[in-house]
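Trainee: I am new to this structure and should like to learn how its descriptive terms are justified. May I ask about them in turn?

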Number of protein chains: 2
Amino acid sequence: MLRDFIKLSKAISDETRVRILKLLENQELCVCQLMFILEMGQSTVSKHLGILKNAGLIEVRKDWTWSFYKLSKEGMNTYNRKLLKFLSSILNDDSLILKDEERLREVIKKDIKILCNIGKRT
Amino acid sequence: MLRDFIKLSKAISDETRVRILKLLENQELCVCQLMFILEMGQSTVSKHLGILKNAGLIEVRKDWTWSFYKLSKEGMNTYNRKLLKFLSSILNDDSLILKDEERLREVIKKDIKILCNIGKRT
DNA sequence: TATTTATATCCCTTTATCACGATATAGTGA
DNA sequence: TCACTATATCGTGATAAAGGGATATAAATA
């Protein structure tokens, strides 16, 4: 349906959301980890994740007190599957994407408990 | 580059522009023909065509007094080529797209000179 | 040259989107 | 139960996009 396609298309028409998708290609991440990498407020990150989830591109896994987001694997329609595959093939040498991945490597070295508290006090 | 991808993505994040692209899959069309099919004002159609052209998805051919738009063939980057191919594979059974193609068949039966005058007086 | 025609551009109004702070919710641990 | 934490949602102001009328431009024609 055209409306579904537009919804999907709008979901990826935002720099922050593309950055999130590219980050999630590496591994699942929680909101506070993304806050740290993207240097954005909690409500902003959460809303972007909501839009991506609503478009069916990502899914959540609740673990302890954190919500871990990852790229959708199952139950995806044709558009979404093709799109994620396409996305994974592009932008891998983009400077901003590379910078984000650099920051991702920092993040996964830190204890998530400490990181999220740091994130909260900035 | 991420910015280019976002620009492309925004270009296809609008129902009217996707309808235009799907119409141009059939054949090249001028502004007044699109006005008739889409039932939209001249400035609106022209602006959408400008956005698609700016994103590199379509190109113009001036013939007589008309500007005929068609899908880009050459000089396209990877994103655009892949995207147009993807677009051609989807939405072909969407009701609105089918309705547009129905209307397209009407349009190409008419003399373009008469059609464009009709379009102007509505 | 003056006029008509097709299209592009400008301007305005309405609507959508983004980012953020504040608040709500839901689960954890004391 | 009460405080704490991670996330979601609400409200708001700023910016961007959509649609359309009015105007500008450029080519064709009288």
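Mentor: The exchange below sets computed values against the definitions behind them.

Mentor: This is a predicted model, in which local features need pLDDT of at least 70 and side-chain atom pairs count only at pLDDT 80 or more, while totals for chains, interfaces and linings use all residues. Residues are numbered from 1 along each chain as its sequence is written, chains are lettered from A and ligands numbered from 1 in the order in which they are written, and side-chain values use heavy atoms, with hydrogens and water left out.

Trainee: Why is helix α2 of chain B called largely enclosed by the rest of the structure?

Mentor: Buried means under 20% relative accessible area, against over 50% for exposed and in between for partly exposed, with a 1.4 Å probe and protein chains only. Nine of the ten residues of α2(B), residues 15-24, are buried, so the helix is largely enclosed. Among them are B:Arg17, B:Ile20 and B:Leu24. The element itself is a DSSP run: helices are H or I of at least four residues, strands are E of at least two, and both are numbered from the N terminus.

Trainee: How many residues of α3(B) are buried?

Mentor: Eight of its eight residues are buried, and α3(B) is mostly covered. They include B:Val31, B:Met35 and B:Leu38. After α3(B) comes B:Glu39, with a positive phi near 55°.

Trainee: What makes the pair formed by B:Gln42 and a base nitrogen of DNA strand C a polar contact?

Mentor: A polar contact is a pair of N or O atoms within 3.5 Å; within protein, one must be able to donate a hydrogen and the other to accept it, and residues adjacent in sequence count only if both atoms are side-chain atoms. A polar side-chain atom of B:Gln42 is 2.6 Å from the base nitrogen, and the pair therefore falls under the 3.5 Å limit. Phosphate oxygens of DNA strand C also lie 3.4 Å from a polar backbone atom of B:Val31 and 3.2 Å from a backbone N or O atom of B:Ser67.

Trainee: Which residues come nearest to DNA strand D?

Mentor: A residue is near a strand if one of its heavy atoms lies within 4 Å of it. Of the 27 residues around DNA strand D, A:Gln42, A:Ser46, A:Tyr69, B:Arg17 and B:His48 come nearest. Sugar and phosphate make up 58% of the atoms of DNA strand D that come within 4 Å of the protein. The most residues of this surface, five, come from α4(B).

Trainee: How do you know that the space lined by A:Phe5, B:Phe5 and others is a cavity?

Mentor: On a 1 Å grid over the protein atoms alone, a cavity is a set of points where a 1.4 Å probe fits but cannot get out; a pocket is an open set with protein on both sides within 12 Å along at least five of seven lines, and lining residues have an atom within 4 Å of a point. The search finds one cavity of 30 Å³ or more, and the largest cavity has a volume of about 110 Å³. Its lining has ten nonpolar, two polar and no charged residues.

Trainee: How much space lies in the largest pocket, and which helix gives the largest share of its lining?

Mentor: The largest pocket holds about 340 Å³, and α5(B) gives the largest share of its lining, six residues.

Definitions and conventions. Grid points are joined across faces, edges and corners, and a volume is the space filled by probe spheres set on the points. Ala, Val, Leu, Ile, Met, Phe, Trp, Tyr, Cys and Pro count as nonpolar, Asp, Glu, Lys and Arg as charged, and the others, Gly among them, as polar.
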